Amino acid sequence: MRIGLPDVTALERGVSLLGSGGGGDTVTAAALLREQLTTQPGAVLTPVSDLPADALVVPVGVMGATPVFSEKLPVGNEIRAAVRAIEHWTRASIDALVSIEVGGLNGIMPLVAALDLELPLVDADLCGRALPRLDQFSVAAAGNGLAPAALASSGQTLVIAEASSVEVERTARSVLSSAGGWAALALAPIPARELPECAIVGTVGAALALGERALAIGECPEGDALAAATGGRVLGLGRVVEVSRRPGPGEHGRAGFGRGSATVRDHRTGSLLRLEMENEYLLAMHDGDPVASTPDLLAVLDRRTCVPIPCDTIRAGADVAVLQLPAPGFWTDPRRLPLLAPRAFGIDCDPILLEGTR
């Protein structure tokens with residue numbers, strides 16, 4: 001399968017929905033992909049099952065303060081530099097790329113890198129959505145390491161040769177402030193035969209299909225149409241009446257991710273739907289009672305355009321629809337559910353998933 005220029009709009013909508021309010025600026029990433037595709041026939045998207053068992057696949061993407069991505073634009077060789085550093089360090093020849101997360105801009109930037117490096121992109125990722133930390137990736141959840149990991153930005157490349165997943169996350173975050181806020185990331189190569197156990201398979205194609213269905217319903221759809229198109233359920237339709245933000249809990253003397261909440265007054269019932277958020281929307285409460293949570297995806301859409309509204313841009317006065325979308329089965333497995341449940345983010349609540357996905 002090739003992803004061509006006509007597919008970019010649907011892919012952008014799909015990965016935005018899978019961002020669950022996070023994942024970074026898809027508009028800039030989509031513009032970069034369109035620029036690449038004007039001179040190339042399309043990016044090759046390869047199913048995991050089509051890869052030789054011993055093919056080496058490198059996870060790639062962008063990490064950091066992704067809103068800065070639209071201000072400090074990429075030169076264009078950052079992911080390539082990170083991949084070359086991994087090749088040099090491991091003395092391995094890379095056969096394909098895979099996205100670190102399908103939600104947000106990392107659902108698009110690996111395609112840009114695949115075109116640049118003339119490599120196929122595997123139809124899979126390491127999150128099945130957007131996630132804030134490297135040590136939450138599926139490879140870490142499966143017990144595999146992230147190192148060696150390479151970060152590339154502003155003409156510099158750093159390799160973290162040996163470290164646990166938590167240490168890779170911590171070290172990478174400490175580098176980002178001096179790298180201008182974001183950096184390209186490449187992780188340790190994964191043999192293709194291991195991907196079904198340590199990655200979420202089929203997510204790029206699924207994001208494209210989700211985006212196509214979401215675009216097909218047009219503007220100002222009814223709640224039932226939204227639910228049918230996305231495979232989720234509508235939690236609320238109404239106006240944002242309050243948004244509050246606060247510093248998140250820190251660790252080891254460093255500030256944590258920002259926290260906040262957004263409250264929506266449902267125009268049908270007058271009830272209040274409150275969303276707790278960090279980098280992504282994490283928990284929804286209906287008049288104080290929890291009704292949906294991570295690892296399911298919570299998406300806030302503009303009621304007229306159906307464009308997803310990220311956590312960092314939601315504002316009082318917006319007319320919105322709030323959706324709950326099902327999490328990948330990888331994360332609802334009882335062995336892994338606690339890794340993305342609300343308590344993993346410091347919220348004292350059991351996970352509340354869509355019926356049929358527990």
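**Figure 1. Pro148 and its cis peptide bond.** Pro148 sits in the loop that runs between α5 (138-141) and β6 (149-153). Everything in these views comes from a predicted model. Look at the link from Ala147 to Pro148: this peptide bond is cis, and its omega is near 0°. For background, most peptide bonds are trans, and most residues other than glycine have a negative phi.

**Figure 2. Pro295 and another cis bond.** Here we move to the loop between β15 (289-293) and β16 (297-302), where Pro295 has its place. The peptide bond from Thr294 to Pro295 is cis, this time with omega near 15°.

**Figure 3. The whole protein, for orientation.** Let's step back for a moment. The protein has 11 helices and 17 strands. Its C-alpha trace spans about 60 × 45 × 40 Å along the principal axes. How does the radius of gyration fit with a compact globule? A compact globule of 358 residues would come out near 21 Å, and the protein has 19 Å, so the two agree. Buried residues make up 56% of the 358 residues. Among contacts with a separation of 6 or more, 73% join residues that are 24 or more positions apart. As for the outside, the protein exposes about 14500 Å², and carbon and sulfur atoms supply 52% of that area.

**Figure 4. Helix α4 and the residue that follows it.** Helix α4 (109-117) is mostly covered, with eight of its nine residues buried. Those buried residues are Met109, Pro110, Leu111, Val112, Ala113, Ala114, Leu115 and Leu117. Next along the chain, α4 is followed by Glu118. Glu118 belongs to the loop between α4 and β5 (121-125). It isn't a glycine, yet Glu118 has a positive phi of about 55°. Is Glu118 buried or exposed? With a relative accessible area of 72%, Glu118 is above the 50% cut-off, so it counts as exposed.

**Figure 5. Asp287, with a positive phi.** Asp287 is found in the loop between β14 (281-286) and β15. Asp287 is not a glycine either, but its phi is positive, at about 50°. Its relative accessibility is 48%, so Asp287 counts as partly exposed.

**Figure 6. A cavity inside the protein.** Rolling a probe the size of a water molecule over the atoms shows where empty space is left. How many cavities of 30 Å³ or more does a search of the whole structure find? The search turns up one. The largest cavity has a volume of about 40 Å³. Its lining is made of Arg13, Leu17, Ala214, Ile217, Leu226, Thr230, Leu301 and Cys306. Two elements, α1 (8-18) and α9 (223-230), give two or more residues to that lining. Sorted by class, the lining has six nonpolar residues, one polar and one charged.

**Figure 7. Gly232, in the loop after α9.** Gly232 lies in the loop between α9 and β11 (233-246). Its relative accessible area is 17%, so Gly232 counts as buried. What does Gly232 touch, if we leave aside its neighbours within four places in sequence? It is in contact with Ala227, Gln324, Leu325, Pro326 and Leu354. You can also look across to Phe330: Gly232 and Phe330 are 98 residues apart in sequence, and their C-alpha atoms are 18 Å apart in space.

**Figure 8. Thr263 in strand β12.** Thr263 is part of strand β12, which covers residues 259-266. Its relative accessibility is 8%, so Thr263 counts as buried. Ignoring neighbours within four places in sequence, Thr263 is in contact with Arg239, Val240, Val241 and Glu242, and also with Leu272, Leu273 and Arg274.

**Figure 9. Glu280 and its surroundings.** The loop between β13 (272-277) and β14 is home to Glu280. Is this residue, Glu280, buried or exposed? Its relative accessible area is 3%, so Glu280 is buried. Not counting residues up to four places away in sequence, Glu280 touches Gly19, Ser20, Gly21, Gly22 and Gly23, plus Arg129, Ala130, Leu131, Pro132 and Cys311. Leu51 is a partner for comparing distances: Glu280 and Leu51 are 229 residues apart in sequence and 33 Å apart in space, C-alpha to C-alpha.

Note on methods:
Residues are numbered from 1 along each chain as its sequence is written. This is a predicted model: local features need pLDDT of at least 70, side-chain atom pairs count only at pLDDT 80 or more; totals for chains, interfaces and linings use all residues. Side-chain values use heavy atoms; hydrogens and water are left out. On a 1 Å grid over the protein atoms alone, a cavity is a set of points where a 1.4 Å probe fits but cannot get out, and a pocket is an open set with protein on both sides within 12 Å along at least five of seven lines; lining residues have an atom within 4 Å of a point. Grid points are joined across faces, edges and corners, and a volume is the space filled by probe spheres set on the points. Helices (H or I, at least four residues) and strands (E, at least two) are DSSP runs, numbered from the N terminus. Ala, Val, Leu, Ile, Met, Phe, Trp, Tyr, Cys and Pro count as nonpolar, Asp, Glu, Lys and Arg as charged, and the others, Gly among them, as polar. The radius of gyration is taken over C-alpha atoms; the globule rule is 2.2 Å times the number of residues to the power 0.38. Buried means under 20% relative accessible area, exposed over 50%, partly exposed in between (1.4 Å probe, protein chains only). Contact means heavy atoms within 4.5 Å. Accessible areas come from the Shrake-Rupley method with a 1.4 Å probe; for residues, only the protein chains shown count as cover.
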